[in-house]
Amino acid sequence: MTTKRTAKPAVAERLETPQHEVVVIGAGIGGICAGVKLQEIGIDDFLIIDRVGGLGGTWYSHSYPDAGCDIPSTTYQFSFARKPDWDRLFAKRDQILEYLQEVAADYDLPRHMRFNVNVLQEVWDDTHNLWRLHLESGEVLTARFVISAVGAYINPKLAPNIPGLGDFTGVSMHPSEWNHDYDFTGKKVAIIGVGASTMQIAPKLAPQAATLDIYQRTPQVYLPKPDFVLRPWMQGLLGLPGGSAVANGVAQTIVDAALRVAVYTPHPVWRLATRGVDAAGRRLYGGWLRIKVRDKETREQLRPGFGIVCIRGGAGGDYLPTLNRDNVELIASGIAQVGADHIRTVDGVERPIDALVLATGYEVFSDPESYKPGTVLGRNGFDLGHFYNTEELKAYYSTSVSQVPNRFIMIGPYSWTGTAFHYFVENAMRHIATVIDETRRRGATTVEVRAQAQERFHQEMLRSGRNLAYYLETRCQGSNSYFVNSQGKSPYIRPWSLWKTYRKATRFDREDYQYV
């Protein structure tokens, strides 16, 4: 039987009082959700910090041309703050940012926020049962609990490993740091990368630029984007009691059905069926390319040679038709060298450029490299970054790591479930709030997941995710998918149904944690 330990009052009096009960790192979707849920359990002494100059996370920092959501707006919102009056089915960046600002204001969160605050290191103080957050400014913040809400795409890859990149003397930019002062009119422009940002940027730059060269390493899947203005009567329907929730529920049902098939199909059947699905999917996608892209050689470059759902894909909108323009070229031969004013590909061809857009992606939450050694130090010097870079990524319910007390991750290993970030950060925060509330109810100052519970959850992810792991780690070889990390593992998707994920977030054994 587990013994519950509670600090004696005499000891508690000697503890240093932290500046804040909770510090939340990140003021985007996750940070806003954390603030709302902390208030629901009666915590008002919390601080939300962010390294950029305002709230909104991705939507604050990404203002490139035509930036917007690539899933329907009806799914891209909090369950506690439904928005029926989106302008379009696929909302644009400015309206999404406005929505997040409105939600924050409605819950009085701005008074809890500080911006331009960059955390360099988090160190657990086992003597005083608190975290010390060392900031770039030299300041040290202290908190009883820390919630990491830094998002799924943690750091933009601003300096990818491309030979000669530092020799380029023209204008370069990443989608996360767009240069709005630069005029692309009549310029020779290159974009490196063909993911979600390029899908939106390229159609806007192509009519302005003299030439637009798009460098592709790995083919993506560009799906139809049935975007349209939401008419007042549509907004009216969504505004009816439960209207927006029903629309979101339809999407959730589809995702849930797909997850159930992936998890519960017998493994031998799954292996056979995925081959058929991939073959059929490639044929269908080939037909779609024939409709949208005129040039046969370009179509061949766009065909994936791996499983059709190995990569996330995206609503391509005008991207494929953009490749039909005379001033646009898709280049898949590989970059050999970047020069002062050109890019040379491995076939020896040099193409002059004035401006370079590095749409080269992000460090993702499922990548061990996203967790830098020395940045999070738990009990007895336990280094979270070293652990994740030398072991597998694991966390109890994707939020808690043994030997790292009083600290929670909102988007951790095996956390993806549902249609949008809002859904799984809400689920994560329901778990985190339950644990913090239980800790306070017991009069404890420290809570830490037991190593056995963490490992039990991890083994459950491996067992339930057997089919997904086979597909992503075997049939997706060569895809450079962020579903598979550098360790060859796929700790991205939670292999549970949506209902199970929702239910288990709060219905877990409280003794899986130890309270001191």
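## Cavities

Strand 11 (222-223), helix 8 (267-292) and helix 10 (319-322) each contribute at least two residues to the lining of the second largest cavity. The model is a predicted one. The lining of this second largest cavity consists of Tyr-222, Leu-223, Pro-224, Trp-288, Lys-292, Gly-316, Gly-317, Leu-320 and Pro-321. By class, six of the lining residues are nonpolar, two are polar and one is charged. The volume of the second largest cavity is about 40 Å³.

In total, the structure contains two cavities of 30 Å³ or more. The largest cavity encloses about 90 Å³ of space. Its lining is made up of Tyr-397, Ser-398, Thr-399, Met-410, Ser-415, Phe-424, Asn-427, Ala-428, His-431, Arg-494, Thr-501 and Ala-505. Helix 12 (residues 421-441) provides four residues, the largest share of the lining of the largest cavity. Here the division is five nonpolar, six polar and one charged residue.

## Helix packing

Two packed helices are described by the angle between their axes and the distance between the axes. Helix 8, which supplies residues to the lining of the second largest cavity, packs with helix 14 (residues 466-475) at an angle of about 45°. The axes of helix 8 and helix 14 are 10 Å apart. Helix 8 and helix 14 are therefore oblique to each other, and their crossing is right-handed.

Helix 12, which supplies four residues to the lining of the largest cavity, crosses helix 2 (residues 29-40) at roughly 40°. The axes of helix 2 and helix 12 come within 9 Å. Helix 2 and helix 12 are therefore oblique to each other. The crossing of helix 2 and helix 12 is right-handed.

## The five-stranded sheet

Five strands make an open sheet in the order 8-17-9-10-13, and the pairing is parallel. Strand 8 (171-173) and strand 13 (328-331) lie at the edges; each has a single partner strand, so one side of each has no neighbour in the sheet. On average, neighbouring strands of this sheet are turned by 15° against each other, direction ignored.

At one edge, strand 8 pairs with strand 17 (residues 355-358) in the parallel sense through three bridges. Within this pair, Ser-172 stands opposite Leu-356 of strand 17.

## The three-stranded sheet

An open sheet of three strands has the order 14-15-16, with antiparallel pairing. Its edges are strand 14 and strand 16 (350-352), each with a single partner strand, so one side of each is left without a neighbour in the sheet. The twist from one strand to the next averages 25°.

Strand 14 (residues 335-338) and strand 15 (residues 342-345) run antiparallel and are joined by three bridges. Ile-335 has Thr-345 of strand 15 as its bridge partner. Strand 14 and strand 15 form a hairpin, with three residues between the two strands. On the other side of the sheet order, strand 15 pairs with strand 16 in the antiparallel sense, again over three bridges. In that pairing, Ile-343 stands opposite Arg-351 of strand 16.

Conventions: Residues are numbered from 1 along each chain as its sequence is written. This is a predicted model: local features need pLDDT of at least 70, side-chain atom pairs count only at pLDDT 80 or more; totals for chains, interfaces and linings use all residues. Side-chain values use heavy atoms; hydrogens and water are left out. On a 1 Å grid over the protein atoms alone, a cavity is a set of points where a 1.4 Å probe fits but cannot get out, and a pocket is an open set with protein on both sides within 12 Å along at least five of seven lines; lining residues have an atom within 4 Å of a point. Grid points are joined across faces, edges and corners, and a volume is the space filled by probe spheres set on the points. Ala, Val, Leu, Ile, Met, Phe, Trp, Tyr, Cys and Pro count as nonpolar, Asp, Glu, Lys and Arg as charged, and the others, Gly among them, as polar. Two strands pair if DSSP finds at least two bridges between them. Axes are lines fitted to C-alpha atoms, for helices over the stretch in contact, and angles run from 0 to 180 degrees between N-to-C directions. Angles under 35 degrees count as roughly parallel, over 145 as roughly antiparallel, 65 to 115 as roughly perpendicular and the rest as oblique. A crossing is left-handed if the near helix is turned anticlockwise from the far one by less than a right angle, and right-handed if clockwise.
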